[in-house]
Structures are given as C-alpha cells and as structure tokens.
Amino acid sequence: MSHSPLVKLPPYPSCFVCGRRGLQIDFQGSDGYAEAVLTSPPGFEGYEEQLHGGMTAALLDEVMAKAIFTRGEDVVTARLEIRYRLPIKNGERLKLWGEVVGKKGRMFWAKGEAIAEGKGVAAQAEGKYILLKRRI
C-alpha cells in the first residue's frame, strides 16, 4: 500500500481513544488512510492479561474514523463488524491501520486491522460511517 506522507492527526480533546483524558493514542494519516502504533494498555482486560474485545473494537473503530477524517469529514459509526483472530496480551505492541474503501452520499465504508508484533493479524474490522451534518 503506497500513501502520501503521513501527518500527525489532531486529537479530539474528550475522545476516549485519542483525547487528553483517554488513552492518548497518536494517529497519523493522509488521503483516506490512518495508522497508529501502541502498546496494548493494561487495565482493560477481558480475561486475565488479555485485552478486552471491546477495547480492540474501540481502537479499530477509531483508526477507521481517523482515515475518513483525513478526507476532511467528521463521521459517526453506523455499523461495526469485528473478526477476532488472535488474543492480544497486555503490553503487546500493536499496529493499527484503517482505510476508506468507499463513499456514497453521506455514507462511508472503511476497513482496518490490528496487527500484533511478531504474531500477525489479531483482529480485522469493517465499518459503515455516516457523515455528520456541518454546523452553520
């Protein structure tokens, strides 16, 4: 996958994933693509020492929304599908990526992955997002 040079994407101050009071994950992106590299955070477990599946979903949802944001659009999630392939352990290094795969009217489609370093694809996602109406 070839992309334009990636730039740091601004956080939403109150966002759970990228905001000041949340996980404070830094995202980069351009031209319908976004990514982040992080260490799986402790304290968000499902089973002992395993990242909760809901956290994995939140991370993938955010990276896909950020991919849409690189196109200058703000969206909300309409549908999110996750396929969990491998467990993610606390402290494991992850790469997240998301990419816009389609747009029709006010609807965007995106896909993404969470890749565990040294193990491979831990989760895959597809999302459907609705464009927010602009404020006047």
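How many bridges join β5 to β6? The count is 10, and the two strands run antiparallel. The legends below walk through this predicted model one close-up at a time.

**View 1. The open sheet, strand by strand.** Welcome to the sheet, which is open and has 7 strands. Reading across, the order is β1-β2-β3-β5-β6-β7-β4, and the pairing is antiparallel. At the edges sit β1, residues 7-8, and β4, residues 75-84, each of which pairs on one side only. Helix α1, made of residues 53-69, lies across β3, β4, β5, β6 and β7. Relative to β4, helix α1 runs at about 130°. As you trace a strand, keep in mind that in a regular strand the side chains alternate between the two faces of the sheet.

**View 2. Strand β3 and its two partners.** Here we follow β3, residues 33-39, with a pairing on either side. Strand β2, residues 28-30, pairs with β3 in the antiparallel sense over 3 bridges. If you would like a landmark for that pairing, find Ser30, whose bridge partner in β3 is Tyr33. Between β2 and β3 there is a loop, and Asp31 lies in that loop. Take a look at the backbone of Asp31: its phi is near 50°, a positive value in a residue other than glycine. Turning to the other partner, β3 and β5 run antiparallel and are joined by 7 bridges. A handy landmark here is Ala34, which has Gly98 in β5 as its bridge partner.

**View 3. The hairpin of β5 and β6.** Strands β5 (93-104) and β6 (107-116) form a hairpin with 2 residues between them. Gly105 is in the turn and has a positive phi of about 60°. Moving along the pair, you can find Leu94 opposite Ala116 of β6. The 10 bridges that join β5 to β6 belong to this view.

**View 4. Ala125, a buried residue of β7.** Ala125 lies in strand β7, which covers residues 120-131. Is Ala125 buried or exposed? Ala125 is buried, because its relative accessible area is 4%, and buried means under 20%. Who surrounds Ala125, leaving aside its neighbours within four places in sequence? Its contacts are Leu60, Met64, Glu81, Ile82, Ala110, Lys111 and Gly112. For a sense of scale, the C-alpha atoms of Ala125 and Trp97 are separated by 10 Å, with their positions 28 residues apart along the chain.

**View 5. Tyr12 and Phe69, an aromatic pair.** The structure holds 2 aromatic pairs, and this view shows the one formed by Tyr12 and Phe69. The pair is edge-to-face, with 6.1 Å centre to centre and 75° between the planes. Tyr12 is in the loop between β1 and β2, while Phe69 is in helix α1, so the pair links distant parts of the chain, 57 residues apart. Tyr12 counts as partly exposed at 37% relative accessibility, and Phe69 also counts as partly exposed, at 24%.

**View 6. Phe16 and Phe44, another aromatic pair.** Why is the pair of Phe16 and Phe44 edge-to-face? The planes of the two rings are at 75°, so the pair is edge-to-face, with the centres 6.2 Å apart. This pair, too, links distant parts of the chain: Phe16 is in the loop between β1 and β2, and Phe44 is in the loop between β3 and α1, 28 residues apart. Phe16 counts as partly exposed at 43% relative accessibility, and Phe44 counts as partly exposed at 27%.

**View 7. Ser40 and Glu49 in the loop between β3 and α1.** Let us finish in the loop between β3 and α1, where you will find Ser40 and Glu49. Ser40 counts as buried, at 0% relative accessibility, whereas Glu49 is partly exposed, with a relative accessible area of 45%. What does the side chain of Ser40 reach? The side chain of Ser40 reaches the backbone oxygen of Lys89 at 3.4 Å. Leaving aside neighbours within four places in sequence, the contacts of Ser40 include Leu51, Ile88, Asn90 and Leu94. Glu49 deserves a glance at its backbone: the phi is positive, about 65°, although Glu49 is not a glycine.

Methods:
Residues numbered from 1 in each chain as written. Predicted model: local features only at pLDDT ≥ 70, side-chain atom pairs only at ≥ 80, totals over all residues. Heavy atoms only, no water. Pairing = 2+ DSSP bridges. Helix = DSSP H or I, 4+ residues; strand = E, 2+ residues; numbered from the N terminus. Contact = heavy atoms within 4.5 Å. Axes fitted to C-alpha atoms, helices over the stretch in contact; angles between N-to-C directions. Buried < 20%, exposed > 50% of the residue type's maximum accessible area, 1.4 Å probe, protein only. Phe/Tyr/Trp six-rings, centres within 6.5 Å; stacked < 30°, edge-to-face > 60°. Polar contact = N/O pair within 3.5 Å; in protein donor to acceptor, adjacent residues only side chain to side chain.
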